[in-house]
Every structure is written in structure tokens, then in C-alpha cells.
Amino acid sequence: VLKVAGSVTASPAAADLNVTLSAFPLASMQAFMTRQTSITVLDGSLGAAMHVQQKPGRHGAGMLLATGTVTVDHLHTIDNSLRDDLVNWDRLTVTGLRVQHHPDLVAIDTITALKPYARAIVEPDRSMNIGRALRPPGATPLAVAAPESDVSTDPGGPAKQAKPAVAAATLPVTIRRVVVANGQAQFTDLSIQPNFSTGIAALNGTVLGLSSAPESRATIDLKGQVDEYSPVTIAGVANFLGAKTYLDLDMAFRNMELTTFNPYSGKFAGYNITKGKLTTELKYKIDDRKLDARHHITIDQLEFGARTDSKDAVSLPVKLAVALLKDRQGVIDLDIPITGTLDDPNFRLGPLIWKVVVNLLTKIVTSPFTLLGKLFGGGPDMQFVDFTAGSATLDAAAQQKISAMTKALVERPQLQIELPIAVAASADRPAIIDQRYAQQLAQAGVPATPTDEAAMLKSLTRLYAKEFGTAPQFPALPPPVAGAAPVDAKTAQIRFLQQAIHDHIAVSDDDLKALAQARAQALQQALLGGGQVDATRVFLVANGKVQAQDRNVRLELTLR
């Protein structure tokens, strides 16, 4: 029902009218909607109470002013492609509306949305339902970037990118207050199998001070929940209507059930989630079209279940990465910063976050001891333990590393460690021979240095006879060399005996195996001796991760 009452004059052109509209069916405008959009209006009625004035101007162009209230009740729309709800509400009320021409402006005191609902859907072809719905029928949909997309991670973007022109706002607009009461938003992703769906319910709050003025800042304060026990808060300031984009927004999603995200976990991580809670604290700042984003992610008690056969899963040991990140309370705490420019056409926040996460996990699983060394001491080469060649004794440096490793295993209770049963024969065999030779000399009473050559020769001769079962047959002395000092017979005989006894010592493969076992057991005892680490997490393995390092033998530990 439309009612118009008031006065109109033709010259000069002037009007003073009260216009009321009630129960105007919005579905009657479907022909227009069909030409311009892919939206069907199933229900909704428009009402208005306006005071319209036309005031004459000095040079012909007068001022047109309309003030009043507009309401839209029981709006129900669907998108034509998926035949599903798009935007609905019980009532939208616009109060304190002022629309003016000459000069042009739009001013609104309050917009109140009662039980608003919006649904965003990623369709199977990765286009967005909202973008499709707002375009005429047959128009090409705009696809969203997939998480695995190859995007630039250069914060500044390509050097030759020109900053696009931004159209200046031509119509001054102010909205003093927007009130959202008991709103809902639903997100569904049909591009993955199984489909993913989640939503925000009980959304309440305000947006204050919306304006197209370049330096204006609207204050946002919204609260809702993903489900009954998962609160959501959105707070900050922004300039949504101005030509110069500005945003400083904090968002928090707390206590969300990770099992909800199984479609994504199964596709991109390669495992389904059986347990876990997610809390994210997000901070986004956009100033002069430059983005500075901070993501603080807390994951509590994450547990993976069955492996999926997804071809899109990252080729990383995801479970090892989780074990490295999860502390003794079962919590993973991550900070993920993202910077970039909105003028870079390759900049897509979602794929970029995913790429940063994958890069982080790659770095962690390829250099796990570097992470543990930073967190718990032990240094960057924490996985390497050096033994003196021929020895199974841990020196002070090795003990310090094992102490740090013990602390790491205590703080990362899902980690398992493998200790190599290994020797470097090229270094260990000669070292054992030297050790046994020194022992033989000591047991035979042969002094380390020849203070009495006669006594030393006698002791070595007895030792030789014991080892070989016969008296030594000394070689003839070499002929004298002109200009050189003559060779002393006793000295030559001592050297012969020393070399012969040394060369007679044999180190078998069994001896080397015993040394390898002793080293592994020394490491095992150092890790388990304090009772802090469960023995089931420590494995002795013959994996060959060993190399000679000067006079040392370096064993490499492995995490699982």
C-alpha cells in the first residue's frame, strides 16, 4: 500500500510530501533481479515512512531531501545455481535515514538487522556462490584460489607491479550505527570430499561510525559462537566505505573442535583427526594497501587417526611434525606472520598462509634437532654425538647434549629416538690397536719413554717372546750413510720390537660390534638413567649413521 500526502508546486518546483509504503512484496521485483543477478527473492516485504522535500534553488537546481525510516521484513533469497539460501533476515530496519541531492549525501542513524543470515559456498568448480549470485545469468564465475596454489611470497610483490587506480568516493555516506542481533553465517566447501561445513551463530554486536570520509574509522564489536561452546569475537577499527582502505581488526575463535575440519585435514594433511581443539587469535592491519597479518594458533590434544588416500596431501611426515611441536601438556603454539600488498595480483591470503605453514613444517621435519636445540639447548648440531675413536665413553660435551635431548624428550612426549649401533672401522680399529698396545706395554712393565734403553730392550724382548712364542730375529743394521749419524743397535732393536708387537695386535669384527653395542648402550643409559623418559621411546638401531671425524667418531641420532 502506497500513500502520498502533502503539497506540490510547479513553479518554482517544490514539494513537501509524506510518503508511506507498507507490505510491498519484494518478489514482485523478480524480473529485474533476474536480469541483473542470479538471485531469486522468495519472500520479503518493503515498508517505508519518508518525508520528501523539493526545495527550489537559486540557479534552477534545487535540493531534494528525503528523511525517514525503511524496513524490510522476512527477506528470503536463494542463489539460482545451488538453489540454497543466500541472504535472509527477520527484519532490517533503517532509522534516521537522510538522502539528499544538491549537495549529495546519504546519512543513516541506525541500521538494525534482526536474525540476519548469510551463506558462503565454495562450489565444486571452486567458484563462490556469492560472486556467482551477484552476476547476471551466464556470466563467468570468479574462482577462489586453492590452498595449494603457487602464489608469490614476496611481501612487496613483483617489482614491476603498478598500483591500480582507486576510484574516489563521489557520494558522502555516513552510518552512525549498525546493530546485528542474533545473526548467523554459514560456510560450506563443496570442492572437497567429504564436503566441509561450519558456521557462526548467535552473532551480536555493533559497528559504529561508518563513513566514506577518507580518514574515518568505524569501530567493530561483534561476538558470536561457532557452536555452543566455541566463542567468537571480532573487534577493531576499519574504513569500509572510504576510497583509502584501512583495517585494524582482531578476531578470535576459541575452543573449536578440530574434528570439524576433517575434510581439510584428510585432503591436505593426509590424515583424519580423531581429537583436538583449536583456538586462533588473528590480527589484521591494512594501511596504505599494505597488509600486516598475525596468526596466533593454539592446538590442544591433536590426535590423528586413519591415513587417507588423498593425492593432494603434503609429502611430509606430518605426525613427526606434530610430535615436534606438541609440548608435554599436548599443546601446539604457533605464530604465523604474513605481510604483503593488496596491489600484487598474485597475493592471496588463504593460499599464502597454507604455503607458510607447509614451509614451516618442512623446515621442522627436515631439521628437527635444530628446533629442539633452540628450545632446550644442545646447539644446532644436537643430533650428533662424538666419541673418541675406540671408546664408548661419553665426554662432557656429549653428556651435555644428551642432557638437552632428555629434556627435549620430556617436553615432547610423542617423540621417539633411535640410537645407532655403529663404529667407523677406519678410525676405531687403529685406535683399539693403540689402546691394546699401550695396555700390553704397561702390563709388561715397559716404560712409555726409554730412560734406560737396556731395561726397555729386555722388557720388550720378553713381551715379544710371549706374543710370538719365539725369540726375536733382529734384522741387520743398514749400512752407514756418509755424513749421517751412525744407527745405534739398541735403538734399532727397540723400534723393531715396538713395531712388531704393535702390528701383531688384531681387532676382529666381533670386537668392533662389541664397541658399537657399548656406545649405543652408553647413550641409552644416559637418556634413561634419570627415569624421566620411558624406555619404550628409545630404540637401538643398526642404521649406519656414523662417520669418522678426525680422532673422533660421530654418531647421528634420529627422531621418529
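Trainee: Is Ala-313 buried, partly exposed or exposed, and what is its relative accessible area?
Mentor: This is a predicted model, where local features need pLDDT of at least 70, side-chain atom pairs count only at pLDDT 80 or more, and totals for chains, interfaces and linings use all residues. Residues are numbered from 1 along each chain as its sequence is written, and side-chain values use heavy atoms, leaving out hydrogens and water. Buried means under 20% relative accessible area and exposed over 50%, with partly exposed in between (1.4 Å probe, protein chains only). Ala-313 is therefore partly exposed, with a relative accessible area of 25%.

Trainee: Which residues does Ala-313 touch, beyond those up to four places away in sequence?
Mentor: Ala-313 sits in the loop between strand 14 (290-307) and helix 4 (318-325); helices (H or I, at least four residues) and strands (E, at least two) are DSSP runs, numbered from the N terminus. Its C-alpha is 7.6 Å from that of Gly-266, though the two are 47 residues apart in sequence. With contact taken as heavy atoms within 4.5 Å, Ala-313 touches Lys-267, Phe-268, Ala-269 and Gly-270.

Trainee: How wide an arc do the buried residues of helix 6 cover?
Mentor: In helix 6 (residues 368-376), the buried residues are Pro-368, Phe-369, Leu-372, Gly-373 and Phe-376. They lie on the same side of the helix, because the directions from the helix axis to their C-beta atoms cover an arc of only 130°.

Trainee: How far apart are the end C-alpha atoms of helix 8?
Mentor: The expected span is 1.5 Å times one less than the number of residues. For the 19 residues of helix 8 (residues 425-443) that gives 27 Å, which agrees with an end-to-end C-alpha separation of 26 Å.

Trainee: Which helices and strands are among those covering the buried residues of helix 8?
Mentor: The buried residues of helix 8 include Ala-427, Ile-432 and Tyr-437. Among what covers the buried set are helix 9 (453-468), helix 10 (489-504), helix 11 (509-528), strand 19 (546-549) and strand 20 (552-556).

Trainee: In the sheet with the order 18-17-21, which strands stand at the edges?
Mentor: This open sheet of three strands has mixed pairing, where two strands pair if DSSP finds at least two bridges between them. Strand 17 (residues 417-420) runs parallel to strand 18, and four bridges join them; Leu-419 stands opposite Leu-540 in strand 18. Each edge strand has a single partner strand, so one side is left without a neighbour in the sheet: these are strand 18 (538-541) and strand 21 (558-559).
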